[in-house]
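Here's a quick briefing on how the helices in this one sit together. Have a look at the fold first, then we'll go through it helix by helix.

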Amino acid sequence: MTDRFFDDHQRETVAAAMARMIPTDDAPGAREAGTIDFLDKYLSGIDFVYAKPDGSGFERLEGKRAWAWQQRIAALRQTYISGILRLDEHSRDRFGADFVALTDEQQDRVLTELE
C-alpha cells in the first residue's frame, strides 16, 4: 500500500492552506512541522491510524475495527477532496487562479471568506 493519498495538486493545495493557518513566525509553522506529510499518510489508508506504544510502527487493524476505520477514512477523504475543489473554485472566482497560485494575502482572504 502506498503511503500517499493526495495527488500533487491536492497535496500542494492543502499544504498551502495549512501554511496560512499555522504560519511560520518566531516558531516553526505547518511546513516545518511536516503537517502535510502526516495528513497525507493518515488518509492513505488504515495502515497509519494507531502508532505502536514502543514506536516500532503502526498497529494492524483487523475485522470490525478495520472496517470501521475504513469508513471513517473514506468520509475524511471525501471531505478533503470536496474542500479542495471548493477552495480552488472560490479562488478562481475571486482571483482567476487556483488557490496555490495566489499570494499569501489572497489565500488568507479566500480562507476567511470560506470560513
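Let's start with a helix pair: the axes of α3 (residues 35-43) and α4 (residues 63-95) come within 10 Å and cross at roughly 130 degrees. Angles over 145 degrees would count as roughly antiparallel and 65 to 115 as roughly perpendicular, so α3 and α4 end up oblique to each other. Bear in mind that this is a predicted model.

**Where α3 meets α4**
- On the α3 side, the contact is made by Leu 39, Tyr 42 and Leu 43.
- Facing them from α4 are Trp 69, Ile 73, Leu 76, Arg 77 and Tyr 80.
- Sorted by class, the contact has seven nonpolar residues, one charged and no polar ones.

**Helix α4**
- With 33 residues at 1.5 Å each, α4 should span 48 Å, and its end C-alpha atoms are indeed 48 Å apart, so the two figures agree.
- Its buried residues are Ala 66, Trp 69, Ile 73, Ile 84, Leu 87, Asp 88, His 90 and Ser 91.
- Those buried residues pack against α1 (8-21), α3 and α5 (104-114).
- Trp 69 and Ile 73 turn up twice here: they are buried, and they also touch α3.
- Just past the end of α4 comes Gly 96, with a positive phi of about 75 degrees.

**Helix α1**
- This helix has 14 residues and runs 20 Å from first C-alpha to last, close to the 20 Å expected at 1.5 Å a residue.
- Buried in α1 are Gln 10, Thr 13, Val 14, Ala 15, Ala 16, Ala 17, Met 18 and Ala 19.
- The cover over these buried α1 residues includes α2 (30-33), α3, α4 and α5.
- Asp 7 caps the N-terminal end of α1, with a side-chain oxygen 3.1 Å from the backbone nitrogen of His 9.

**A closer look at Asp 88**
- Is Asp 88 buried or exposed? Its relative accessibility is 6%, and buried means under 20%, so Asp 88 counts as buried.
- Asp 88 sits in helix α4.
- Leaving out residues up to four places away in sequence, Asp 88 touches His 9, Thr 13, Ala 97, Asp 98 and Phe 99.
- Two of those names are familiar from α1: Thr 13 is one of its buried residues, and His 9 supplies the backbone nitrogen for the Asp 7 cap.
- Ala 27 is another matter: Asp 88 and Ala 27 are 61 residues apart in sequence and 29 Å apart in space, C-alpha to C-alpha.

How values were computed: Residues numbered from 1 in each chain as written. Predicted model: local features only at pLDDT ≥ 70, side-chain atom pairs only at ≥ 80, totals over all residues. Heavy atoms only, no water. Axes fitted to C-alpha atoms, helices over the stretch in contact; angles between N-to-C directions. Helix = DSSP H or I, 4+ residues; strand = E, 2+ residues; numbered from the N terminus. Parallel < 35°, antiparallel > 145°, perpendicular 65-115°, else oblique. Contact = heavy atoms within 4.5 Å. Nonpolar A, V, L, I, M, F, W, Y, C, P; charged D, E, K, R; others polar. Expected span 1.5 Å × (residues − 1). Buried < 20%, exposed > 50% of the residue type's maximum accessible area, 1.4 Å probe, protein only. Polar contact = N/O pair within 3.5 Å; in protein donor to acceptor, adjacent residues only side chain to side chain.
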